[in-house]
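User: I'd like to learn how the labels in a structure are earned. Could you take me through some of them, setting each value against its definition?

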Amino acid sequence: APTIRCNALAGGVGQTQIKSAYRRLAIQLHPDKNPGNAEVAERFSRITNAYGVLSNPEKRLAYDAFGKKAPDSGVEEFDYEKIGVAKTFLVALMSRFGAKVNTKIPDKTLDLAKDPAARSQGIPIEWGAEATGTVKKNGAQLFSGEISAAQARAGVRIHVRSQEGSKFKLLFFSLDDNGALMGQEASAKDPYGKGTTASATFAAFDAMHVGAAPWIDFGFQTTPDSEKPPPIFRRLETLSSSRYSPARPGKVLMAVQGDNFFAKVNFSISFSLCNPAGKDHIRAVEATLGAKKASLAKLEEVYWEAKGALDRVLEKVKAETHEVDDTIMEREKLYADMAGDTAQVDGILKAMAKAVQDRIKAKEKKQQKEQEE
């Protein structure tokens, strides 16, 4: 069976290389080509799982930030209505330390959105106004209203803030589909102000969306882990067409959903009318981001080619360092031996033996790290 490390896909390369490497390895390790070989089947499973993470922008952001400890977004949703107290404490602890925890929208909220009587009791939306409210830790507050034809031509924006930094979700439901969940925006730490926020813009044009990355600060970053790329290479991978644009006139239904584990959520929500005069400028900026996304993909390829070359040079430097050190010790030993200094000879021999052992330990540690990844 071929010897292939599962993390051959996980070196931070771009999407093109990832897809190419996955296809090559999947063909090579497919169980149909290796019948009865449990080891190859296990490797095939690991590579498939790795590709599932690396080919998904949201999951890859989490992997680059947290490594193997990153929650597998979209694979498991924690259900507040079903998990026990012990698991709730564990998940809350993960969230507190920065892990992106994926929680399920409670069935009771989904049922409310599908109930015409409950929808009619939602707080009326007043465009150009702001409201405040409080929901239980995993309760919801419905808001209902209508976007007129004139408002759709201008665009509207819904923005929710928790000054206390509580976790919540902004939910949108399709009244064309009997109140089915249409989209959701999870709260994130506000990089420009205080607390947590979530927002959605129903623009009058084909707008773009870019996912929040709360664990990534703005500006250039290097990373202490040389096997991970600078975060900027992942920053625009979620750039895509907005699901909420262009805006359409008609009735709208939304909700603020509490996503705290133990505490209530106090929030403010603003329903803003957009100024259509900024349309062309916004589209130009988003076009720039689209171009940057493409150029960053090419730059990442250059980055990893350069890093690969640097790694090879560093390995050569390490080998030369060891060889020079060994040669100097050998020289010192020969001079001490020629002078009959047995004590120094013994000391040099011990130093040489220790250097060999240190290199073996370093190699084993590196191999263990690669296997864990």
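User: Where do Lys 318 and Glu 315 lie, and how far apart are they in sequence?

Analyst: Both Lys 318 and Glu 315 belong to helix H9, and 3 residues, about one turn of the helix, separate them. Please keep in mind that this is a predicted model, where local features need pLDDT of at least 70 and side-chain atom pairs count only at pLDDT 80 or more, while totals for chains, interfaces and linings use all residues. Residues are numbered from 1 along each chain as its sequence is written, and side-chain values use heavy atoms, with hydrogens and water left out.

User: What makes the meeting of Lys 318 and Glu 315 a salt bridge?

Analyst: The N to O distance between their side chains is 3.7 Å. A salt bridge needs a side-chain nitrogen of Lys or Arg within 4 Å of a carboxyl oxygen of Asp or Glu, so this pair qualifies.

User: Are Lys 318 and Glu 315 buried, exposed or partly exposed?

Analyst: Buried means under 20% relative accessible area and exposed means over 50%, with partly exposed in between (1.4 Å probe, protein chains only). Lys 318 has 42%, so it counts as partly exposed. Glu 315, at 39%, is therefore partly exposed as well.

User: Which parts of the chain does the salt bridge of Asp 326 and Arg 359 link?

Analyst: The side chains of Asp 326 and Arg 359 meet at 3.0 Å, N to O. This pair links distant parts of the chain, with Asp 326 in helix H9 and Arg 359 in helix H10 (residues 342–372), 33 residues apart. Asp 326 has 29% relative accessibility, so it is partly exposed, and Arg 359, at 24%, is partly exposed too. Elsewhere, shared partners let salt bridges join Arg 234, Glu 237 and Glu 300 into one network.

User: How many salt bridges does a search of the whole structure find?

Analyst: The search finds 14. One of them pairs Asp 107 with Lys 104, whose closest N and O atoms are 2.7 Å apart. Asp 107 has a relative accessible area of 33%, so it is partly exposed.

User: Why does Lys 169 have no salt bridge?

Analyst: The nearest side chain of opposite charge, Asp 259, is 4.6 Å away from the buried Lys 169. Lys and Arg count as positive and Asp and Glu as negative, while His and the chain ends are not counted. The salt-bridge limit is 4 Å, so a distance of 4.6 Å does not meet it.

User: With which side chain does the side chain of Lys 169 make a polar contact?

Analyst: The partner is Gln 184, at 3.4 Å. That fits the rule for a polar contact: a pair of N or O atoms within 3.5 Å, where within protein one must be able to donate a hydrogen and the other to accept it, and residues adjacent in sequence count only if both atoms are side-chain atoms. As for its place, Lys 169 sits in strand E5 (residues 168–174).

User: How many aromatic pairs are there?

Analyst: The count comes to 8. Rings of Phe, Tyr and Trp (its six-membered ring) pair if their centres lie within 6.5 Å; planes under 30 degrees apart are stacked, over 60 edge-to-face and the rest tilted.

User: Why is the pair of Phe 172 and Tyr 244 called tilted?

Analyst: The ring centres of Phe 172 and Tyr 244 are 4.9 Å apart and the planes stand at 55 degrees, so the pair is tilted. Phe 172 lies in strand E5 and Tyr 244 in the loop between strand E10 (240–241) and strand E11 (250–258), so the pair ties together parts 72 residues apart in sequence. Both Phe 172 and Tyr 244 are buried.

User: What makes the pair of Phe 233 and Tyr 303 edge-to-face?

Analyst: Here the centres are 5.4 Å apart and the planes are at 65 degrees, so Phe 233 and Tyr 303 are edge-to-face. Phe 233 is in helix H8 (residues 232–235) and Tyr 303 in helix H9 (residues 279–338), 70 residues apart.

User: How do you know whether Phe 233 and Tyr 303 are buried or partly exposed?

Analyst: Phe 233 has a relative accessible area of 8%, so it is buried. Tyr 303, at 26%, is partly exposed.

User: How many helices and strands does the chain have?

Analyst: There are 10 helices and 12 strands. These are DSSP runs numbered from the N terminus: helices (H or I) have at least four residues and strands (E) at least two.
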